[in-house]
Amino acid sequence: MDGNRFAQVIVDVNHSSVDRIFDYRIPESMAVNVGQKVSVPFSKSKNLSGIVIGLTDKSLVPKEKIKDIISVLDAPVMTLKQIKLSKEIAKRYHTTLASAMRLFVPTPLRRGKVKEKSCMVFFVEKKLSESERKEIFYFKSGKEKSPVKLAVYNEILDSGKDGIKAGDLNESKRAAAAALLKQGIILYKKEEVFRRPGEIKKDFEDVILTAEQMDVSVKIANKIGTYYKFLLHGVTGSGKTEVYLQAVKEALLKDKGIIILVPEISLTPQMVMMFKKRILSPVAILHSKLSDGEKHDELKRIMSGEARVVIGARSAVFAPVSNLGLIIIDEEHEQSYISDSHPRYDTREIADMRAKLESACVVLASATPSIESYFDAQNGKSELIKLKNRVFNVPLPKVLVADMRDEIRKGNMTMFSSLMYKEIKEALQNSRQVMIFINRRGYSTFVMCRGCGYIEKCDNCDISLTYHKSENSLKCHYCGAKRPVKKICPNCNMPYLKYFGGGTEKIVEQLSKLFPNARIMRMDLDSMMKKDAYLKAYSDFADGKADILVGTQIIAKGLDFENVSLTGIISADLSLNFPDYKSAERTYQILEQVSGRAGRRQQGKCVIQTYTPEHYAVKCAQSHDYSCFYLEELKYRKTALLPPFISFLSVKFESKKEGKASYAAKDFYKALLPMLDDYKDKIVFKGEGPAGVVKIKGVFRHQVLLKVKRESLDDVIEVIKTLSFNKNYTDCVYEIMVNPKNML
């Protein structure tokens, strides 16, 4: 097939049956480059979009079967390195190449429906002569006809080639400009403008680095632009963000691009504003709360090279930053760095894969590193660097533990211990702010009939409904379904329904009764639904517009409020008793992180309410001793054969039809067993059964679960993948996951 050129295209269809390269002929009049989005004929009556991943002069497809590309849809949306990384992601997370590539080409670019935003810019092409000026702007008597029109003309003339944007003129001046335009005295052009996500206005002063910060900054600076991995373990308030700033400045001096990841959208405004105030290079923001237009424009700024620094949540790891030299992952221990949807990638793994490919330095940072990251650092897979002291020589918060068993014996049945009440009262009297954490939304955790034991459950999910008093409804926190509140039990027809447990709404209500003069703010998923709600809440609390902030995980990390002297943790046992091998780790991390929000300028306090004060997670948090916790937790995991000593391998089956997922899991497991005979000494446990939560969003879930020694993980995955190629279950999908985020 000489004389022709062909494009190798991956069509944008996430299905294993089309997970391969398709060759298309490039028409002679068409210019096509690798990474471009193109429209191609795919079936008899359907055209699809796809991305060109290669160009060739030869094709093995018979001449009569090969088709022409219809059109080029966009400038390149992917680079060669991104395409290569997509292939690695598809292999690592057992997904199609189309699915992996979608991570780099988000919806606004993939669909191509976002319009560029433009504004009208007025300019003067030819300056008026003196006689023309007099004729147009003055009466014969010498009096001005229209002072506003003359002023606008002079303003636009003085602006030169750049002109003046219509939006920069007030209403009367815009009217004058429109009149001048109609007379042909001025002209206009359309200029693209970028939609910018909202910002908070706050001044950040340059600071002098401590000796610890300087030492850590130098170590990172020396590795920027080379593949290297650090784990920065810095106590809360030790100035990790200052280290990030120094690293970013060094990377920019080396003409490198930078990606900074934060675990929660609520942390983005504070980080962005600090960087915008302290570095000269433009900063782009990427997270799920941006509108399609804002996301489109931010991606365009990054791709053009205008924005060299990108700050965002999990998906920002895929940002099209060129000449990447540095990736920083703040609060690296957070579970939010693991994707909830397919493909269920781990951001830390993607960062490492990308850094290897692009010779970039990775900095994982946390006051409470994940056990796996710390274990890897101890075993030479990354370099451990530490910030052991807080800046300003401020001691870590004093942690006080309230044993709620004693409170019950004393007859205190409220959600607040006498110690918590006393400390809140004292903080408010001293005009200080308070942050209260509870890891539950809503008003009551579940509704149960005291007569027959009936519990209100979601129709779509195998989970109890939560009562939300503000909406007067029962709500599912898995699928979002709502149900009106009932007074009569639907099972026994008796009026014995009672609300049990408590969440953020109930905490706010009780605080309002205990401290009627206090201004109370709530931050959780329900109250932060509106666009820029995080930004406004952060700004309001920072400006002292509230005395007490009640929240969930959103307030547990990263936030720095100077006037907060006290933090409180309601029901520390909620996470401790969760049926997951990471429950102790997550509990310690929450306790340490929440306590760290207090006393950022002078020593603060934290009150932990618990029914198990003797647990090592609570004791280690009370003494701020991460090393002690790490050793205790590692001892437990080694004895129980849990990560990081082994890896969990899950094949999860899902179907909307009851019984289909169960059948598929049993059939797959039966076929898998003989294939694992060669790995008997490498597999610690194997089994199949229903998932922890059998039904979510109307989908039934079963799984095959293996515990595999780390050195044999890839081999066992290949065995499972081999079997999966030969298995296709009607009305059922399945997914292979390594160390899933949620064992349920």
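Okay, one definition before anything else: when I say a residue lines a pocket, I mean it has an atom within 4 Å of a point of that pocket. And keep in mind throughout that this is a predicted model.

With that in hand, let's go to the second largest pocket. Which helix gives the most to its lining? That's α11, with six residues. The pocket has a volume of about 1400 Å³, and 47 residues line it. If you want to find its centre on the screen, look for Arg92, Asp346, Glu349, Arg710 and Val738, which lie nearest to it. The elements giving two or more residues to that lining include α1, residues 80–92, α11 itself, residues 347–358, and α12, residues 371–378. From further along the chain you also have β28, α22 and β31 on that list. As for chemistry, the lining splits into 24 charged residues, 16 nonpolar and seven polar.

Now let me zoom out to the whole thing. We have 22 helices and 31 strands. The radius of gyration is 30 Å, close to the 27 Å that the globule rule gives for 744 residues, so the protein is as compact as a globular protein of that length. Along the principal axes, the C-alpha atoms fill a box of roughly 95 × 80 × 65 Å. Buried residues come to 52% of the 744. If you take the contacts with a separation of 6 or more, 76% of them are between residues 24 or more positions apart. On the outside, about 34700 Å² is exposed, and carbon and sulfur atoms supply 50% of that.

Next, helix α9, residues 268–278. How many of its 11 residues are buried? Nine, so the helix is largely enclosed by the rest of the structure. The buried ones are Thr268, Pro269, Gln270, Met271, Val272, Met273, Met274, Phe275 and Arg278. And what covers them? Among the elements doing that are helices α8, residues 240–253, and α16, residues 533–542, along with strands β11, β12 and β13.

Just ahead of that helix, have a look at Glu264, in the loop between β11 and α9. Its relative accessible area is 16%, and the cut-off for buried is under 20%, so Glu264 counts as buried. Leaving out residues up to four places away in sequence, Glu264 touches Gln553, Ile554 and Lys557.

Another loop residue I'd like you to click on is Ser382, which lies between α12 and β16. Is Ser382 buried or exposed? Buried, at a relative accessible area of 12%. Its contacts, once you set aside neighbours within four places in sequence, are Lys229, Phe230, Leu231, Ser373, Asp376 and Ala377.

Then there's Leu97, in helix α2, which covers residues 97–102. Leu97 is buried too, with a relative accessible area of 11%. Beyond four places in sequence, Leu97 is in contact with Ile10, Asp19, Ile53, Ser86, Lys87 and Ala90. Val694 is 597 residues away from Leu97 in sequence, and in space the two sit 30 Å apart, C-alpha to C-alpha.

Last topic, the backbone. Where are the cis peptide bonds I want to show you? One runs from His342 to Pro343, with omega near -10°, and Pro343 is in the loop between β14 and α11. Another runs from Pro643 to Pro644, with omega near 15°. Pro644 belongs to the loop between α20 and β28.

I also picked out a couple of positive phi values. Glu331 has a phi of about 50° even though it is not a glycine, and Glu331 is in the loop between β14 and α11. Glu331 counts as buried, at 4% relative accessibility. Phe392 is also a residue other than glycine, with phi near 65°. You'll find Phe392 in the loop between β16 and β17. Phe392 is exposed, with a relative accessible area of 52%.

To bring it back to the start: if you only click on one element later, make it α11, which gives the most to the lining of that second largest pocket. Happy to rotate the model for anyone who wants another look.

Note on methods: Residues numbered from 1 in each chain as written. Predicted model: local features only at pLDDT ≥ 70, side-chain atom pairs only at ≥ 80, totals over all residues. Heavy atoms only, no water. 1 Å grid on protein atoms, 1.4 Å probe; cavity = no way out; pocket = protein on both sides within 12 Å on 5 of 7 lines; lining within 4 Å. Points joined across faces, edges and corners; volume = space filled by probe spheres on them. Helix = DSSP H or I, 4+ residues; strand = E, 2+ residues; numbered from the N terminus. Nonpolar A, V, L, I, M, F, W, Y, C, P; charged D, E, K, R; others polar. Rg over C-alpha atoms; globule rule 2.2 N^0.38 Å. Buried < 20%, exposed > 50% of the residue type's maximum accessible area, 1.4 Å probe, protein only. Contact = heavy atoms within 4.5 Å. Areas by Shrake-Rupley, 256 points an atom, 1.4 Å probe, with all protein chains shown as cover.
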